[in-house]
Amino acid sequence: VCASHLGRPKGAPDPAYSMEPVRARLAELAPGVELLDNLRFDPGETGNSDEFVATLTDGIDLYVNDAFGASHREHASIVGPPKTLPSAMGRLLAKEVDVLTGLRDRPKRPFVAVLGGAKISDKLGVVEALLETVDSLVIGGAMCFTFFAARGEPIGDSLFEPDQVDTCRRILDESGDKIHLPEDLVGLDANGEFATFGTRLPDGAKGFDIGPGSAAAFTDVIMDARMVFWNGPMGMFEDDRFAAGTRTVAQAMADTKAFTVVGGGDSAAALAQFDLDDEVDHVSTGGGASLELLELGDLPGLAALRGAPNA
Ligand code: ADP
Ligand code: MG
(Lines give C-alpha, C1' and ligand atoms only; values in the text may rest on other atoms or scores of the structure.)
(Ligands and ions follow the chains in the order given, each with its own letter.)
Protein backbone atom coordinates (compact mmCIF):
# COMPACT_ATOMS: atom_id res chain seq x y z
CA VAL A 1 0.00 0.00 0.00
CA CYS A 2 1.41 3.40 -1.00
CA ALA A 3 0.55 6.65 0.73
CA SER A 4 1.42 10.29 0.12
CA HIS A 5 0.24 13.79 0.68
CA LEU A 6 -0.35 16.34 -2.06
CA GLY A 7 -0.52 20.09 -1.53
CA ARG A 8 -1.82 21.56 1.69
CA PRO A 9 -5.47 20.58 2.21
CA LYS A 10 -6.66 21.76 5.60
CA GLY A 11 -7.29 18.39 7.28
CA ALA A 12 -10.43 17.66 5.24
CA PRO A 13 -11.11 16.11 1.82
CA ASP A 14 -10.66 18.63 -0.99
CA PRO A 15 -11.15 17.45 -4.59
CA ALA A 16 -8.40 19.85 -5.77
CA TYR A 17 -5.88 17.71 -3.86
CA SER A 18 -7.29 14.27 -4.61
CA MET A 19 -4.79 11.49 -5.33
CA GLU A 20 -7.14 10.04 -7.96
CA PRO A 21 -5.02 11.01 -11.04
CA VAL A 22 -1.98 9.49 -9.32
CA ARG A 23 -3.93 6.36 -8.45
CA ALA A 24 -5.00 5.93 -12.07
CA ARG A 25 -1.43 6.23 -13.36
CA LEU A 26 -0.01 3.99 -10.62
CA ALA A 27 -2.54 1.30 -11.52
CA GLU A 28 -1.06 1.27 -15.06
CA LEU A 29 2.55 1.23 -13.88
CA ALA A 30 2.20 -1.12 -10.92
CA PRO A 31 -1.00 -3.15 -11.06
CA GLY A 32 -2.09 -4.41 -7.66
CA VAL A 33 -0.40 -1.62 -5.70
CA GLU A 34 -2.96 0.29 -3.69
CA LEU A 35 -2.77 4.03 -3.07
CA LEU A 36 -4.47 5.71 -0.12
CA ASP A 37 -6.11 9.07 -0.66
CA ASN A 38 -4.25 12.24 0.37
CA LEU A 39 -2.96 11.67 3.91
CA ARG A 40 -3.57 15.31 4.80
CA PHE A 41 -7.32 14.89 4.26
CA ASP A 42 -7.23 13.59 7.86
CA PRO A 43 -6.23 16.05 10.60
CA GLY A 44 -4.54 13.11 12.35
CA GLU A 45 -1.71 13.22 9.78
CA THR A 46 -0.24 16.62 10.68
CA GLY A 47 -1.57 16.23 14.25
CA ASN A 48 0.37 12.95 14.52
CA SER A 49 -2.52 11.18 16.23
CA ASP A 50 -2.10 7.61 17.49
CA GLU A 51 -5.53 6.70 16.10
CA PHE A 52 -4.54 7.78 12.59
CA VAL A 53 -1.26 5.88 12.83
CA ALA A 54 -3.25 2.79 13.84
CA THR A 55 -5.48 3.08 10.75
CA LEU A 56 -2.35 3.36 8.58
CA THR A 57 -0.56 0.34 10.06
CA ASP A 58 -3.62 -1.94 10.41
CA GLY A 59 -2.92 -5.14 8.47
CA ILE A 60 0.53 -3.93 7.31
CA ASP A 61 3.71 -5.96 7.94
CA LEU A 62 6.54 -3.61 6.97
CA TYR A 63 7.06 0.14 6.50
CA VAL A 64 9.27 1.93 3.97
CA ASN A 65 9.78 5.71 4.16
CA ASP A 66 10.77 7.21 0.82
CA ALA A 67 9.28 10.67 1.53
CA PHE A 68 12.45 12.71 2.05
CA GLY A 69 10.59 16.00 1.50
CA ALA A 70 8.26 15.24 4.43
CA SER A 71 10.80 13.66 6.78
CA HIS A 72 11.50 16.88 8.68
CA ARG A 73 7.88 16.79 9.88
CA GLU A 74 6.66 14.87 12.90
CA HIS A 75 3.60 13.73 11.01
CA ALA A 76 1.75 10.48 11.60
CA SER A 77 2.80 8.70 8.40
CA ILE A 78 6.47 9.64 8.96
CA VAL A 79 7.10 8.96 12.65
CA GLY A 80 4.17 6.66 13.51
CA PRO A 81 4.64 3.34 11.66
CA PRO A 82 8.26 2.71 12.78
CA LYS A 83 7.05 2.61 16.39
CA THR A 84 5.56 -0.82 15.73
CA LEU A 85 6.58 -2.05 12.26
CA PRO A 86 9.96 -3.29 11.01
CA SER A 87 11.04 -0.35 8.83
CA ALA A 88 13.49 0.76 6.18
CA MET A 89 14.54 3.76 4.09
CA GLY A 90 13.53 3.79 0.46
CA ARG A 91 16.24 4.35 -2.15
CA LEU A 92 15.38 8.00 -2.75
CA LEU A 93 15.54 8.77 0.97
CA ALA A 94 18.82 6.86 1.33
CA LYS A 95 20.37 8.81 -1.57
CA GLU A 96 19.24 12.18 -0.18
CA VAL A 97 20.64 11.35 3.26
CA ASP A 98 23.90 10.10 1.76
CA VAL A 99 24.45 13.22 -0.39
CA LEU A 100 23.37 15.82 2.17
CA THR A 101 25.14 14.35 5.19
CA GLY A 102 28.18 13.98 2.92
CA LEU A 103 28.17 17.76 2.36
CA ARG A 104 27.98 18.30 6.08
CA ASP A 105 30.43 15.69 7.28
CA ARG A 106 32.87 15.20 4.40
CA PRO A 107 33.18 18.57 2.64
CA LYS A 108 35.58 18.92 -0.30
CA ARG A 109 37.21 22.34 -0.16
CA PRO A 110 36.57 24.99 -1.14
CA PHE A 111 32.99 24.22 -0.05
CA VAL A 112 30.64 27.02 -1.16
CA ALA A 113 27.01 27.54 -0.20
CA VAL A 114 24.82 29.82 -2.31
CA LEU A 115 21.63 31.00 -0.62
CA GLY A 116 18.81 33.15 -1.90
CA GLY A 117 15.05 33.18 -2.05
CA ALA A 118 12.60 35.01 0.10
CA LYS A 119 12.21 33.16 3.40
CA ILE A 120 15.06 34.60 5.46
CA SER A 121 13.73 33.73 8.94
CA ASP A 122 13.40 30.08 7.82
CA LYS A 123 16.96 30.10 6.55
CA LEU A 124 19.02 31.96 9.15
CA GLY A 125 19.46 28.79 11.21
CA VAL A 126 21.00 27.04 8.25
CA VAL A 127 23.09 30.13 7.45
CA GLU A 128 24.65 29.92 10.90
CA ALA A 129 25.15 26.15 10.70
CA LEU A 130 26.69 26.39 7.21
CA LEU A 131 29.09 29.11 8.33
CA GLU A 132 30.67 26.51 10.63
CA THR A 133 31.51 24.31 7.62
CA VAL A 134 31.72 26.33 4.41
CA ASP A 135 34.65 28.30 3.06
CA SER A 136 32.37 30.84 1.37
CA LEU A 137 28.71 31.75 1.70
CA VAL A 138 27.18 33.58 -1.26
CA ILE A 139 23.94 35.45 -0.53
CA GLY A 140 21.49 36.76 -3.13
CA GLY A 141 17.71 36.87 -3.53
CA ALA A 142 15.54 38.93 -1.22
CA MET A 143 17.72 37.56 1.57
CA CYS A 144 20.49 40.08 0.86
CA PHE A 145 18.36 43.08 1.85
CA THR A 146 18.16 42.14 5.51
CA PHE A 147 21.97 41.90 5.44
CA PHE A 148 22.26 45.31 3.70
CA ALA A 149 19.91 46.77 6.33
CA ALA A 150 22.18 45.26 8.99
CA ARG A 151 25.09 47.17 7.39
CA GLY A 152 23.01 50.33 7.73
CA GLU A 153 22.55 50.73 3.97
CA PRO A 154 19.35 52.05 2.37
CA ILE A 155 17.31 49.28 0.69
CA GLY A 156 14.42 51.35 -0.69
CA ASP A 157 11.17 49.34 -0.63
CA SER A 158 12.83 45.94 -1.14
CA LEU A 159 11.59 42.88 0.72
CA PHE A 160 13.31 42.43 4.09
CA GLU A 161 12.62 41.14 7.59
CA PRO A 162 13.09 43.92 10.20
CA ASP A 163 13.13 41.51 13.16
CA GLN A 164 16.08 39.59 11.65
CA VAL A 165 18.35 42.63 11.22
CA ASP A 166 20.11 42.12 14.57
CA THR A 167 20.81 38.46 13.79
CA CYS A 168 22.20 39.42 10.37
CA ARG A 169 24.41 42.06 11.98
CA ARG A 170 25.79 39.47 14.42
CA ILE A 171 26.39 37.00 11.56
CA LEU A 172 28.28 39.70 9.59
CA ASP A 173 30.37 40.60 12.67
CA GLU A 174 31.28 36.96 13.35
CA SER A 175 31.72 35.62 9.80
CA GLY A 176 31.75 38.63 7.48
CA ASP A 177 34.99 37.45 5.83
CA LYS A 178 33.27 34.30 4.48
CA ILE A 179 30.15 36.08 3.20
CA HIS A 180 29.75 37.35 -0.37
CA LEU A 181 26.89 39.82 -0.86
CA PRO A 182 25.86 41.36 -4.19
CA GLU A 183 27.79 44.41 -5.38
CA ASP A 184 25.04 45.53 -7.78
CA LEU A 185 21.31 44.98 -8.13
CA VAL A 186 18.55 45.34 -10.67
CA GLY A 187 14.93 46.17 -9.95
CA LEU A 188 12.36 48.91 -10.36
CA ASP A 189 12.90 52.56 -9.52
CA ALA A 190 10.34 54.71 -7.70
CA ASN A 191 8.50 55.24 -11.02
CA GLY A 192 8.26 51.50 -11.67
CA GLU A 193 10.93 51.62 -14.41
CA PHE A 194 13.51 48.85 -14.78
CA ALA A 195 16.84 50.06 -13.35
CA THR A 196 20.34 48.94 -12.37
CA PHE A 197 21.65 50.02 -8.97
CA GLY A 198 24.64 49.72 -6.71
CA THR A 199 23.82 48.20 -3.33
CA ARG A 200 22.37 51.45 -1.88
CA LEU A 201 18.83 51.71 -3.22
CA PRO A 202 17.10 55.08 -3.56
CA ASP A 203 13.79 55.79 -1.78
CA GLY A 204 10.91 53.90 -3.37
CA ALA A 205 13.16 51.56 -5.41
CA LYS A 206 12.79 47.79 -5.20
CA GLY A 207 15.59 45.26 -5.80
CA PHE A 208 14.39 42.14 -7.61
CA ASP A 209 17.62 40.51 -8.82
CA ILE A 210 21.39 40.59 -8.36
CA GLY A 211 23.15 42.71 -10.98
CA PRO A 212 25.55 41.52 -13.71
CA GLY A 213 28.67 42.35 -11.67
CA SER A 214 27.41 40.25 -8.75
CA ALA A 215 26.44 37.40 -11.07
CA ALA A 216 29.97 37.39 -12.52
CA ALA A 217 31.57 37.50 -9.05
CA PHE A 218 29.32 34.67 -7.80
CA THR A 219 30.20 32.65 -10.91
CA ASP A 220 33.92 32.98 -10.05
CA VAL A 221 33.33 31.67 -6.52
CA ILE A 222 31.31 28.71 -7.86
CA MET A 223 33.87 27.88 -10.58
CA ASP A 224 36.69 27.77 -7.99
CA ALA A 225 34.76 25.47 -5.61
CA ARG A 226 35.04 21.70 -5.24
CA MET A 227 31.62 21.37 -3.61
CA VAL A 228 28.61 23.68 -3.95
CA PHE A 229 25.20 23.65 -2.25
CA TRP A 230 22.61 26.04 -3.70
CA ASN A 231 19.25 26.91 -2.17
CA GLY A 232 17.03 29.80 -3.20
CA PRO A 233 16.86 31.80 -6.45
CA MET A 234 18.98 34.97 -6.81
CA GLY A 235 15.96 37.05 -7.79
CA MET A 236 12.32 37.03 -8.79
CA PHE A 237 13.17 34.69 -11.68
CA GLU A 238 9.50 34.02 -12.50
CA ASP A 239 9.58 37.47 -14.13
CA ASP A 240 11.89 37.39 -17.18
CA ARG A 241 13.25 40.86 -16.40
CA PHE A 242 14.62 39.53 -13.10
CA ALA A 243 15.76 36.04 -14.12
CA ALA A 244 19.32 36.83 -15.30
CA GLY A 245 21.02 36.48 -11.90
CA THR A 246 19.41 33.10 -11.20
CA ARG A 247 20.14 31.95 -14.77
CA THR A 248 23.82 32.91 -14.48
CA VAL A 249 24.22 31.11 -11.15
CA ALA A 250 22.39 28.06 -12.55
CA GLN A 251 24.77 28.06 -15.54
CA ALA A 252 27.78 28.27 -13.19
CA MET A 253 26.39 25.29 -11.26
CA ALA A 254 26.23 23.42 -14.56
CA ASP A 255 29.72 24.48 -15.70
CA THR A 256 31.78 24.07 -12.52
CA LYS A 257 33.80 20.89 -11.94
CA ALA A 258 32.63 20.97 -8.31
CA PHE A 259 30.20 18.40 -6.88
CA THR A 260 26.91 20.32 -7.07
CA VAL A 261 23.75 19.93 -4.99
CA VAL A 262 20.58 22.00 -5.35
CA GLY A 263 17.79 22.02 -2.75
CA GLY A 264 14.55 23.98 -2.56
CA GLY A 265 11.35 23.86 -4.58
CA ASP A 266 11.84 27.19 -6.33
CA SER A 267 15.55 26.63 -6.98
CA ALA A 268 14.80 23.26 -8.56
CA ALA A 269 12.02 24.88 -10.62
CA ALA A 270 14.48 27.54 -11.81
CA LEU A 271 17.02 24.89 -12.88
CA ALA A 272 14.30 23.04 -14.79
CA GLN A 273 13.09 26.29 -16.41
CA PHE A 274 16.65 26.86 -17.73
CA ASP A 275 16.87 23.19 -18.77
CA LEU A 276 19.92 22.68 -16.56
CA ASP A 277 18.52 20.17 -14.09
CA ASP A 278 20.51 17.30 -15.67
CA GLU A 279 23.74 19.29 -15.40
CA VAL A 280 24.07 19.24 -11.60
CA ASP A 281 25.03 16.22 -9.50
CA HIS A 282 22.00 16.11 -7.21
CA VAL A 283 18.66 17.93 -7.15
CA SER A 284 17.08 17.39 -3.76
CA THR A 285 13.37 16.59 -3.64
CA GLY A 286 13.09 18.40 -0.30
CA GLY A 287 13.40 22.14 0.37
CA GLY A 288 12.80 22.41 4.12
CA ALA A 289 14.04 18.87 4.69
CA SER A 290 17.36 19.46 2.93
CA LEU A 291 17.98 22.66 4.91
CA GLU A 292 17.07 21.01 8.21
CA LEU A 293 19.28 17.99 7.50
CA LEU A 294 22.20 20.31 6.71
CA GLU A 295 21.52 22.41 9.78
CA LEU A 296 20.92 19.69 12.36
CA GLY A 297 22.41 16.55 10.80
CA ASP A 298 19.21 14.59 11.51
CA LEU A 299 15.45 14.59 10.82
CA PRO A 300 12.47 13.30 12.84
CA GLY A 301 11.75 10.74 10.10
CA LEU A 302 15.30 9.37 10.27
CA ALA A 303 15.27 9.20 14.07
CA ALA A 304 11.96 7.31 13.85
CA LEU A 305 13.50 4.71 11.51
CA ARG A 306 16.43 4.25 13.91
CA GLY A 307 13.87 3.44 16.64
CA ALA A 308 12.07 0.76 14.60
CA PRO A 309 11.82 -2.79 16.05
CA ASN A 310 14.30 -4.17 13.47
CA ALA A 311 16.83 -1.33 13.81
P1 ADP B 1 13.28 27.83 -2.38
O2 ADP B 1 11.88 27.32 -2.68
O3 ADP B 1 14.25 27.50 -3.49
O4 ADP B 1 13.76 27.43 -1.02
P5 ADP B 1 12.25 30.39 -1.46
O6 ADP B 1 10.89 29.78 -1.38
O7 ADP B 1 12.92 30.82 -0.21
O8 ADP B 1 13.22 29.45 -2.35
O9 ADP B 1 12.16 31.72 -2.35
C10 ADP B 1 11.76 31.69 -3.70
C11 ADP B 1 11.05 32.97 -4.06
O12 ADP B 1 11.86 34.09 -3.73
C13 ADP B 1 10.78 33.07 -5.54
O14 ADP B 1 9.38 33.05 -5.73
C15 ADP B 1 11.37 34.43 -5.95
O16 ADP B 1 10.52 35.16 -6.79
C17 ADP B 1 11.51 35.12 -4.62
N18 ADP B 1 12.54 36.18 -4.64
C19 ADP B 1 13.86 36.03 -4.86
N20 ADP B 1 14.49 37.21 -4.83
C21 ADP B 1 13.55 38.15 -4.58
C22 ADP B 1 13.57 39.57 -4.42
N23 ADP B 1 14.71 40.27 -4.53
N24 ADP B 1 12.41 40.20 -4.14
C25 ADP B 1 11.27 39.48 -4.03
N26 ADP B 1 11.18 38.16 -4.17
C27 ADP B 1 12.30 37.50 -4.45
MG1 MG C 1 9.96 28.00 -2.03
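Which residues point one way from strand β6, and which the other way? To find out, select residues 185–188 in this predicted model. L185 and G187 point one way, V186 and L188 point the other way, and all are buried. As a general point, side chains in a regular strand alternate between the two faces of the sheet.

**The sheet around β6**

Keep β6 selected and add strand β7, residues 194–197. The two strands run antiparallel and are joined by four bridges. To look at one of these positions, pick L188, whose bridge partner in β7 is F194. Between β6 and β7 there are five residues, and the two strands form a hairpin. Stop in the turn at G192, where phi is positive, at about 80 degrees.

Next, add strand β8, residues 206–210. β8 also pairs with β6, in the antiparallel sense and over four bridges. Here the residue to pick is L185, with I210 as its bridge partner in β8.

With the three strands shown together, the view is of an open sheet in the order β7-β6-β8, with antiparallel pairing. β7 and β8 are the edge strands, each pairing on one side only. On average, neighbouring strands of this sheet are turned by 35 degrees against each other, direction ignored.

**The aromatic rings**

Now turn to the aromatic side chains. The structure holds three aromatic pairs. For one of them, select F194 and F242: the ring centres are 5.9 Å apart and the planes are at 20 degrees, so this pair is stacked. F194 belongs to strand β7, while F242 sits in the loop between β9 (227–231) and α10 (244–255), so the pair ties together parts that are 48 residues apart in sequence.

Are these two residues buried or exposed? F194 is partly exposed, with a relative accessible area of 45%. F242 counts as buried, because its relative accessibility is 0%.

Leave F242 selected and add F208. These two rings form a tilted aromatic pair, with 5.1 Å from centre to centre and 45 degrees between the planes. F208 lies in strand β8 and F242 in the loop between β9 and α10, so this pair ties together parts that are 34 residues apart in sequence. F208 counts as partly exposed at 21% relative accessibility, since buried means under 20%.

Show the three rings at once: F194, F208 and F242 form one aromatic cluster. Its members include F194 from β7 and F208 from β8, the edge strands of the sheet visited above.

**A stop in helix α10**

For the last stop, select T246, which lies in helix α10. T246 counts as buried, because its relative accessibility is 0%. What is T246 in contact with, leaving aside its neighbours within four places in sequence? Display D209, W230, P233, M234, G235, F237, A270 and F274 to see these contacts of T246. One of them, W230, falls within the residue range of strand β9, 227–231.

Definitions and conventions: Residues are numbered from 1 along each chain as its sequence is written. Chains are lettered from A and ligands numbered from 1 in the order in which they are written. This is a predicted model: local features need pLDDT of at least 70, side-chain atom pairs count only at pLDDT 80 or more; totals for chains, interfaces and linings use all residues. Side-chain values use heavy atoms; hydrogens and water are left out. Rings of Phe, Tyr and Trp (its six-membered ring) pair if their centres lie within 6.5 Å; planes under 30 degrees apart count as stacked, over 60 as edge-to-face and the rest as tilted. Buried means under 20% relative accessible area, exposed over 50%, partly exposed in between (1.4 Å probe, protein chains only). Two strands pair if DSSP finds at least two bridges between them. Axes are lines fitted to C-alpha atoms, for helices over the stretch in contact, and angles run from 0 to 180 degrees between N-to-C directions. Contact means heavy atoms within 4.5 Å.
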